[in-house]
Amino acid sequence: MSSEKDHNQANIQATLIRSRLRRVPRYRTMFSSLFHYPRYSVYWSKADPVPSFISRDWKGHEERHKEALRKLAVTDTSFPMPKEVYEDPDVTGKNRYKYFERPFLPFYQQMPFNVVFASTRAEPYTFPPPSTKYLPIPSKYTVGTQTDYRDAEVQTDPYSPEYIVCQDSIPELLTLATLTWGRGLPAGQAEVEMIERAREKRAWEATLPPLSDTSQFEKRRRRMNAMERKEWAFREQEIEKLQEIRLEVLKELLKKRDENQNEVNMACLNAQWSKLQEVKEAKLAQIHHTHVSAIRKLLGKGKNIEGKLERRNIIKDYSDYASQVYGPLSRLGRFTDNNSEDFVVKNHYLNTYEGLVELESCLPDFVTQPRIRPPEPKVTTTKDGFLKRAARMDHELAEVHKALLEKKNKGLEAKKPMRFLQRKPIPQPRLPTPTLEMNSNEEEDIEMAVIYLQKLLRGRVVQNMMFEGKEKRLELIQELRTSHALQEEDRLVKKAEKQVTLALQRQRNLHEHKVSLVENHLAGLEGWVLADMFDFLSKELVRLQEERRVHALSMLAERQRRMREAEESGRRQVEERRLQEEDQIFKEVIKVHQSTVTSYLEDIILNTEENTAEEQARAEIEKMAQEINDIAYEMESRRTQLQSEEIVAELVYSFLIPELQKDFVKEKVRNAQQKHILAAHQVIHRHTEDMLQKHCVEQQQASDTELLEGETENEQNS
């Protein structure tokens, strides 16, 4: 059956399993086959196949049995729980092996799987003689132990002993039973304040009147209400503190979110800028390549303006080290580095680690452990104390070099000012060089055809001149052809002169050959010096270009930084303005709410006042109407026929007379307004007629002017 050892072994295998290694591709070098630009990276996956709520600790069969009994005792209180019997920790006896095991900490020192340390060769160490001043160190000592009773590894909560509460006593410590380790314990400032408040409340409850005393029931109720208000005020303070803390946390989260968003935006902007820079550099490289190609074509055309076809000069090609024979161009289909892998050195001693170790072991000691000897001082004097010739020569050369440097660094003397005015001659201007401007390829072709025709005509003229000369001296030529042979002696003289001439020619050719060899050697040396100089100048040019490019990039980066600072300041100003607007909006909303509440309260108060006044007025009117009715009924009972007729006459008079007066006044006002209305109508009609006549006259004048202008234009055109 499985044991704790098997459990630990399986746990280690699960930790060291290679399936948790994940290959993450690199998108920039996804299709690369170079070892220094890998296609992917290996990462250790943090995903654990075992859920976090499952414990990795070993639980034996006995421990599982005890846990089952413990759960049964919780559900069934009548179940007798067996007592735990702890094993005697016999450290020096049979259980000694349990306390002498080094603790296992997996991955305490993380080491890659493919690390191989190189073997180092050190010289044998010679131990110094033992000192009698210090005591000898024992040969055996304890390295480290790990027991089952350590608080840091085993114990989770502090031990709480069992207790028994006496009758009619409530210990203060039991009021803190809700506090557990990690949740209130060890006690902090908040827990101490809570304990003090609980003590004060218990002391206050002790001072309250008893419930059996009915005479002080009202006093008890008032004190309880006061305490309840005090507790509610304290609770409101706690809620406000919690709200403030939450508000601070929310502000921090918002600030962090803004910072993260700014970082993301900056990363996006940098990536976009880098992409645009790459596109720009690629376009510049393409333009430069096109420019070089066009310049090369123009130079080729400039060398052969007339369009002559020349044969290949093999001697010139092989004598010129810059020709296609020695340095063929790749654009012409010749690649000098073809099959270059055939010349790659493939050696076991250079490509493998074992070969390198073997090669290193074959090397002598002075290679791996170099010995540097200090230089000996240079002796510049002889045995007799005289200075050597080489030292004297070095001293003279140093003085000459110093004098040359002084002369070189010495500034030019300023020219003395002229005492009298002098006339500077004005050089004669050069005549302008005639240039032929060609607008198209057709004109260029016509020009080439004209040049070719000129060549033909000049050649024909030379042929005609030669033919005319031959015709003029034809008789002399025939005489020379038919002349008699020379004498024998003259022939011998001529033959000797011929041999001398041939010997001189051979000597001259030999001398020219020697001179050509010397010139070739000198030209080779000059070419080597010029090649080195041109190489140095080209490298300097590349360095200067790179330096200027780096300077331009730094200036662009500085400009970009300033632009970003300006944008950031603009965004900050916009944000501040927006915050001010939000504050103003919040104030306006609060003001509107306050005005709404005020108007609502005013409406309620006014409606209440109106209802109250209406009720009071209705009551007073009903009361007065009742009194008037009583008086009227009493007067009605005492009134005679004559009094009734007088009352009716007064009522009729009070209704009819005011209506007649009102109609009379209205008629009087209408008659007074009628004359003013007629006068206004006359004035308005007269004014409108004048305006219409004036408008007609202006239109007639405008039409006359337009007719006159049209007639004048027609006359001018004719």
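Is Ser-32 buried or exposed? With a relative accessibility of 15%, Ser-32 is buried, because the buried class takes in residues under 20% relative accessible area. Bear in mind as you look around that this is a predicted model.

Where does Ser-32 sit along the chain? Look in the loop that runs between β1 (21–25) and β2 (40–44). Setting aside neighbours within four places in sequence, Ser-32 is in contact with Tyr-37 and Arg-39.

**Charged pairs in helix α12**

Let us turn to pairs of opposite charge. Side chains of opposite charge can pair when their charged atoms come close. Across the whole structure, a search finds 18 salt bridges. Here are some of them, with the separation of the partners along the sequence.

| Salt bridge | N to O distance | Separation in helix α12 |
|---|---|---|
| Arg-561 and Glu-558 | 2.2 Å | three residues |
| Arg-561 and Glu-565 | 2.5 Å | four residues |
| Glu-582 and Arg-578 | 2.5 Å | four residues |

Arg-561 is a good residue to begin with. It forms a salt bridge with Glu-558 and another with Glu-565. Arg-561 and Glu-558 both belong to helix α12 (residues 488–638), where three residues make about one turn between them. Arg-561 and Glu-565 are also separated by about one helical turn, because they are four residues apart in helix α12.

These residues belong to a wider group: Glu-558, Arg-561, Arg-562 and Glu-565 are linked in a network of salt bridges. How exposed are its members? Arg-561 has a relative accessible area of 38% and is partly exposed. Glu-558 is partly exposed at 29%, and Glu-565 is partly exposed at 45%.

Further along helix α12, the side chains of Glu-582 and Arg-578 meet in a salt bridge. About one turn of the helix lies between these two residues. Glu-582 counts as partly exposed at 38% relative accessibility, and Arg-578 counts as partly exposed at 34%.

**A negative patch**

Which residues form a negative surface patch? The patch is made by Glu-236, Glu-240, Glu-244, Glu-248, Glu-252, Asp-258, Glu-259 and Glu-263. One of them, Asp-258, lies in helix α4, which covers residues 217–303. Asp-258 has a relative accessible area of 39%, so it is partly exposed. That value also fits its place in the patch, because patches are made of residues with over 30% relative accessible area and no salt bridge.

Definitions and conventions:
Residues are numbered from 1 along each chain as its sequence is written. This is a predicted model: local features need pLDDT of at least 70, side-chain atom pairs count only at pLDDT 80 or more; totals for chains, interfaces and linings use all residues. Side-chain values use heavy atoms; hydrogens and water are left out. Patches are made of residues with over 30% relative accessible area and no salt bridge: like charges are joined within 9 Å, nonpolar side chains (Val, Leu, Ile, Met, Phe, Trp, Tyr) within 5 Å. Accessible areas come from the Shrake-Rupley method with a 1.4 Å probe; for residues, only the protein chains shown count as cover. Lys and Arg count as positive and Asp and Glu as negative; His and the chain ends are not counted. The place of a charge is taken as NZ of Lys, CZ of Arg, CG of Asp or CD of Glu. Buried means under 20% relative accessible area, exposed over 50%, partly exposed in between (1.4 Å probe, protein chains only). Contact means heavy atoms within 4.5 Å.
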